[in-house]
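Let's take a look at the cysteines in this protein chain and see how they pair up. Have the sequence and the 3D view ready, and follow along pair by pair.

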Amino acid sequence: MNSYFIHFPGYFMILLVAYLHNATVEAIAVGDDVCMTGYIMDIFCIELGVLLDNPQITTLEGPENHSFHCLLDVPVCYNSGFMVLGEKDSKTSLHCLGPRLEESDVVINSGRAAGSSAKSTTHTTCKTCSGDASKPVSGYRATVKGTVKYLGDGSSGVLGQPMLNNIKVLDFEVGCGEEDGIVVKNIGGECKILPSGTTSPLSAIPSLVSSIAPSESTTQQVYTTTTPSAQPIVSISPTYPPTSPSSSTPSTFKVQPESLDPSSSPSESITPSVSTQSSVFLTSDEPSFVPSASTPDCNTQFCEKALSDDYLLRYMINAEDGTITMEVIYDGEAWVAVAFSEDEYMPGSDAVIGSLELANVPQKYRLLAKTPVVDSAIELMPEEEQTLINAIIEVRDGQTVMKFTKILKEPGQIEIMIGLNNMLWAYGSSNTLSYHAQRSPFALDLSS
């Protein structure tokens with residue numbers, strides 16, 4: 001079983017193990033064409049045990065609360081693969097695991113067409129979805145047809161479930177027929193795959209539909225598309241409006257798709273680099289700006305480094321007083337972080353983390369371990385080491401902006417060199433400090 005589960009309470013593990021064993025599969029055989037309706041869930045959130053975008057909710061208990069954003073925007077989720085969930089047991093309130101789906105790109109394309117791109121008051125907006133406000137923002141349900149490729153390896157957990165290939169993902173309302181319909185339900189404490197007869201949509205289980213915010217004070221940003229992509233964008237080129245050297249106010253930034261590699265698959269990597277981030281599209285009438293090829297002087301003005309399609313770092317060295325001013329801009333609303341490292345790994349690094357839920361004041365933390373349990377992953381530095389100057393975090397026009405000035409060399413902390421520095425960045429799925437939605441190491445050369 002995935003090591004993430006060792007951090008959860010014992011009673012939760014008992015329930016989870018009971019529902020992560022392989023379903024009894026007498027009703028199907030390799031080569032059968034089958035059809036099933038249910039919630040679509042990414043394997044990462046299944047193995048994590050809780051929803052990445054809402055860690056208070058157990059994954060198999062509340063799939064209706066799983067946002068399209070988490071399912072289809074976050075690389076660690078959509079790169080992990082997908083499954084159809086079976087029926088919910090009335091006694092345990094947990095869904096059974098259903099078949100795995102081999103062609104992730106089919107699920108991604110269908111899901112992005114089915115989900116809403118409109119601003120929501122309940123969930124983070126799905127940036128890659130193309131549906132209007134009538135479409136759901138969470139709880140992706142679908143009818144899936146496919147051929148049984150194999151029945152699973154007989155082990156407990158995800159790999160014990162049957163795999164379907166040659167899949168077609170249809171609207172949930174389509175349902176399945178008598179000849180190929182299957183269901184997965186708990187019978188006598190065991191999840192079993194059974195012929196369904198004629199299945200009909202479970203219309204009593206609602207998907208959450210987006211709610212248009214009534215005023216401009218809503219902090220989430222609306223993303224629109226003119227030519228929705230049939231596949232995840234695998235190469236992007238960030239473009240920025242010009243920034244005044246004398247101004248510390250960040251410019252609003254977006255990204256523009258540059259090229260699409262049809263041979264690339266979203267399931268190739270669990271931890272993709274910047275070049276495999278999913279894209280946010282520009283509207284056709286939105287001008288783009290290509291930065292000047294000249295290298296700015298980072299001692300007299302802010303320099304910029306695009307860390308991903310939606311994450312920008314601006315920095316300026318204050319040589320006279322031995323400090324550096326940094327500004328992190330995330331195109332969304334969530335906690336944000338930048339860390340200084342000796343080896344590009346999280347444990348042992350020093351981080352500055354900011355969130356609107358943490359008194360609007362970024363603070364310094366020590367990173368202890370790579371784990372989804374916050375209390376085990378980070379430790380707030382003592383008060384005497386909280387030496388950040390003019391540290392703030394706020395939301396401006398749908399973007400989270402964290403700014404601070406840090407002393408370059410401090411006792412007991414990783415020194416920021418006027419040279420090459422190993423660093424990390426990350427952001428969450430919400431303002432609640434929890435397992436990151438995206439992160440990556442990077443190098444920052446302050447000598448050039």
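## A pair close in sequence

Keep in mind that this is a predicted model. Let's start with Cys 126 and Cys 129, which form a disulfide with their sulfur atoms 2.2 Å apart. Looking at the twist about the S-S bond, you get 75°, and that makes the link of Cys 126 and Cys 129 right-handed.

Are these two buried or exposed? Cys 126 has a relative accessible area of 3%, so this residue is buried. Cys 129 comes in at 1% relative accessibility and counts as buried too.

## A tie between two strands

Quick reminder of the chemistry: a disulfide is a covalent bond between the sulfur atoms of two cysteines. Next up is the disulfide of Cys 96 and Cys 191, where the sulfur atoms sit 2.1 Å apart. The angle about the S-S bond is -85° here, which gives a left-handed link between Cys 96 and Cys 191.

So what does this pair tie together? Cys 96 belongs to strand S5 (residues 95-101) and Cys 191 to strand S10 (residues 190-195), so the link joins parts that are 95 residues apart in sequence. Both Cys 96 and Cys 191 are buried.

## Further along the chain

Now scroll to Cys 298 and Cys 303. Their sulfur atoms are 1.8 Å apart, and the two residues form a disulfide. With -105° about the S-S bond, the link of Cys 298 and Cys 303 is left-handed. As for their surroundings, Cys 298 and Cys 303 are both buried.

## The overall pattern

How many disulfides does a search of the whole structure find? The search turns up four. If you count the bonded cysteines along the chain, the disulfides follow the pattern 1-5, 2-6, 3-4, 7-8.

## Cysteines that miss each other

Some cysteine sulfurs don't get within bonding distance. Take Cys 45: the closest cysteine sulfur belongs to Cys 70 and is 4.0 Å away, which is too far for a bond. A disulfide needs the two sulfur atoms within 2.5 Å. Cys 45 has 0% relative accessibility, so this residue counts as buried.

And what about Cys 70? For its sulfur, the closest cysteine sulfur is in Cys 77, at 3.6 Å, and that is again too far for a bond. Cys 70 is buried as well, with a relative accessible area of 0%.

Terms used:
Residues numbered from 1 in each chain as written. Predicted model: local features only at pLDDT ≥ 70, side-chain atom pairs only at ≥ 80, totals over all residues. Heavy atoms only, no water. Helix = DSSP H or I, 4+ residues; strand = E, 2+ residues; numbered from the N terminus. Buried < 20%, exposed > 50% of the residue type's maximum accessible area, 1.4 Å probe, protein only.
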